[in-house]
Amino acid sequence: MGRKPDPAKPHYGGGSASPKTARRAQPSPVFLGTALFVLGFVSLFTGHIVTDADWSRIRSRWRSNQVRNTEPIDIWKSRYSNLYYGCSGRSPKLRSAVPENSSTGYLLIATSGGLNQQRIGITDAVVVAWILNATLVVPELDHHSFWKDDSEFSDIFDTDWFISYLSKDVTVVKRIPYEVMISMDKLPWTMRTPRKSMPEFYIDEVLPILMRRRALQLTKFDYRLANDLDEELQKLRCRVNFHALRFKKPIQTLGKKLVRRLRVMSSRYVAIHLRFEPDMLAFSGCYYGGGEKERKELAEIRKRWDTLPQDLSAEDERTRGKCPLTPHEIGLMLRAVGFGNETYLYVASGEIYGGEETLRPLRELFPNFYTKEMLAGDDLKPFLPFSSRLAAIDFIVCDESDVFVTNNNGNMAKVLAGRRRYMGHKRTIRPNTRKLNVLFQTWNQTGWDTFSRKVKKIQRGLMGEPDDPRHGRDDFHEMPSSCICQRVPVNRSATMQTRNLLSQVR
């Protein structure tokens with residue numbers, strides 16, 4: 001078996017990355033005003049026109065909330081999106097994959113939850129395998145959760161691509177070799193690690209068991225690795241999530257076919273992850289005016305989660321912004337920020353609580369309303385028994401949309417928001433549910449222009465601009481900042497003065 005890594009040392013072949021720099025004090029408005037003035041002279045005397053990236057970096061520090069709340073934006077695409085790109089290349093300092101016969105053992109992973117919760121678990125499993133010098137066995141998907149989907153990893157993801165793409169980082173095998181299994185004295189040990197465990201925990205607590213038993217299974221593996229890791233491990237997360245996890249060809253083919261059908265009808269479209277299914281509403285503990293029938297139905301579903309309190313105050317949850325908006329409210333928000341009734345909507349959702357009656361107000365606001373069922377027709381039949389494969393199709397269509405709208409802070413919303421940032425900052429709108437829930441209580445008592453103005457003000461900073469406040473900063477899957485780079489001016493010699501000044505602004 002392989003050598004146990006030293007937890008006291010960085011796990012890199014060529015030394016660790018530099019420690020994170022301390023956060024600089026915010027520069028004063030006077031300094032920033034002077035910076036803008038000096039940059040103008042830099043442009044004049046060097047012949048260099050300061051780039052949008054330069055101005056954007058200063059603007060994100062300098063603009064007051066009042067200015068941000070009045071500056072008009074293009075609701076379809078940020079003018080700054082082309083200044084950012086995904087960058088998760090492998091550093092030569094990062095230790096290469098340990099060969100199977102030299103590894104510390106075989107790491108088996110049992111994921112948990114729906115498709116995107118499992119996706120997060122798979123991403124972190126690769127990083128844990130790297131930390132442990134282990135050989136990763138292709139993860140086992142959850143067949144027992146609320147969704148009751150029997151799909152295997154190979155039914156949803158391209159297994160060969162997954163193994164090949166990660167070959168420089170982690171050795172991945174489809175199964176433990178038969179000769180190894182029969183030579184083992186005992187079956188693989190099973191354990192569940194605490195949520196958001198640090199790498200040191202895996203080295204101190206998990207590695208000794210793995211080396212002793214030769215094979216170890218980690219169960220319910222979702223969010224079992226700390227959010228804040230070394231930058232190179234964060235980049236490994238990005239390589240797994242945004243590159244190695246590729247859907248199987250039948251799923252990709254149908255997902256892209258639906259996108260083409262939408263594009264034939266309209267050059268651009270908005271995708272909404274509505275998340276108004278019974279399980280979501282029950283989990284949230286919210287109430288939507290359906291009387292005693294609704295209260296009983298959702299309370300019964302809520303009992304499936306043993307750890308959730310059964311006596312939540314629905315009003316308190318709404319005040320805290322924990323309640324998803326209704327389809328009608330989502331429609332009103334979109335119309336208020338500027339999307340006209342000619343806009344094409346793709347709605348990603350399972351069974352909507354209340355059915356067609358709940359959806360009717362949204363359809364009336366946006367008559368060009370489509371779902372995968374409407375677009376795919378009989379092409380969808382082979383996928384209908386499998387909730388994860390249906391979710392994968394929704395994932396593709398939402399990812400390809402011009403604008404993506406979330407309606408909760410769930411796993412699909414996080415994963416897609418992070419992916420869209422990584423893939424070029426495509427606009428993602430996240431409703432400010434806490435403030436919007438207050439506004440919607442009296443929205444029909446004010447004129448439309450006043451209502452629209454208030455919604456736009458509430459949504460400032462949540463419209464998917466690259467310099468928006470970092471909502472999701474505590475979740476790397478939603479804000480993969482280590483993997484997003486900003487483009488720099490081409491003529492480096494002509495911009496040296498600008499860069500020196502900008503280094504102070506940062």
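Q: Is Pro309 buried, partly exposed or exposed, and which cut-offs decide this?
A: Buried means under 20% relative accessible area and exposed means over 50%, with partly exposed in between. The model considered here is predicted. Pro309 is found in the loop between α12 (291-302) and α13 (314-319). Because its relative accessibility is 38%, Pro309 counts as partly exposed.

Q: What distance separates the C-alpha atoms of Pro309 and Phe283?
A: Pro309 belongs to the loop between α12 and α13. Along the chain, Pro309 and Phe283 are 26 residues apart, and the separation of their C-alpha atoms is 9.9 Å.

Q: Does Ser482 count as buried or exposed?
A: Ser482 is found in the loop between α20 (448-459) and β12 (484-486). A residue is buried if its relative accessible area is under 20%. The value for Ser482 is 19%, and therefore this residue counts as buried.

Q: Which residues are in contact with Ser482, leaving aside its neighbours within four places in sequence?
A: Ser482 lies in the loop that joins α20 to β12. Leaving aside neighbours within four places in sequence, the contacts of Ser482 are Cys87, Glu231, Gln234, Lys235 and Phe476.

Q: How many helices and how many strands are there in the protein chain?
A: The protein chain has 506 residues, of which 54% are buried. Among its contacts between residues at least 6 apart in sequence, 79% join residues at least 24 apart. The elements in this chain number 21 helices and 12 strands.

Q: What separation of the end C-alpha atoms is found for helix α4, and what span should its 17 residues have?
A: Helix α4 covers residues 115-131, and 17 of its 17 residues are buried. The helix is followed by Asn133, whose phi is positive, near 60 degrees. At 1.5 Å a residue the helix should span 24 Å, which agrees with the separation of its end C-alpha atoms, 25 Å.

Q: Which residue of β6 is the bridge partner of Ile109, and which is that of Met191?
A: Strand β2 (residues 106-109) pairs with β6 in the parallel sense over four bridges. Strand β5 (residues 189-191) also pairs with β6 in the parallel sense, over three bridges. In β6, the partner of Ile109 is Leu218, and the partner of Met191 is likewise Leu218.

Q: Through which helix does the chain cross from β5 to β6?
A: Strands β5 and β6 are parallel partners. The β-α-β crossover between them is right-handed, and the chain passes through helix α8 (residues 199-213).

Q: Which residues of strand β6 are buried on each side?
A: Both faces of β6 (residues 215-218) are covered. On one side the buried residues are Ala215 and Gln217, and on the other they are Leu216 and Leu218.

Q: Which residue of β8 is the bridge partner of Val270?
A: In strand β8 (residues 345-348), Leu345 and Val347 point one way and Tyr346 and Ala348 the other way, and all are buried. Strand β7 (residues 270-273) runs parallel to β8 and is joined to it by four bridges. The partner of Val270 in β8 is Leu345.

Q: Which residue of β9 is the bridge partner of Leu345?
A: β8 and strand β9 (residues 369-370) pair in the parallel sense over two bridges. With helix α15 (residues 355-365), these strands make a right-handed β-α-β unit. The partner of Leu345 in β9 is Phe369.

Q: What is the volume of the second largest cavity?
A: The count comes to four cavities of 30 Å³ or more. Residues lining the second largest cavity include Asp124, Lys196, Tyr223, Arg237 and His477. The volume of this cavity is about 70 Å³.

Notes
Residues numbered from 1 in each chain as written. Predicted model: local features only at pLDDT ≥ 70, side-chain atom pairs only at ≥ 80, totals over all residues. Heavy atoms only, no water. Buried < 20%, exposed > 50% of the residue type's maximum accessible area, 1.4 Å probe, protein only. Pairing = 2+ DSSP bridges. Right-handed = clockwise from strand over helix to strand, strands pointing away. Expected span 1.5 Å × (residues − 1). Contact = heavy atoms within 4.5 Å. 1 Å grid on protein atoms, 1.4 Å probe; cavity = no way out; pocket = protein on both sides within 12 Å on 5 of 7 lines; lining within 4 Å. Points joined across faces, edges and corners; volume = space filled by probe spheres on them.
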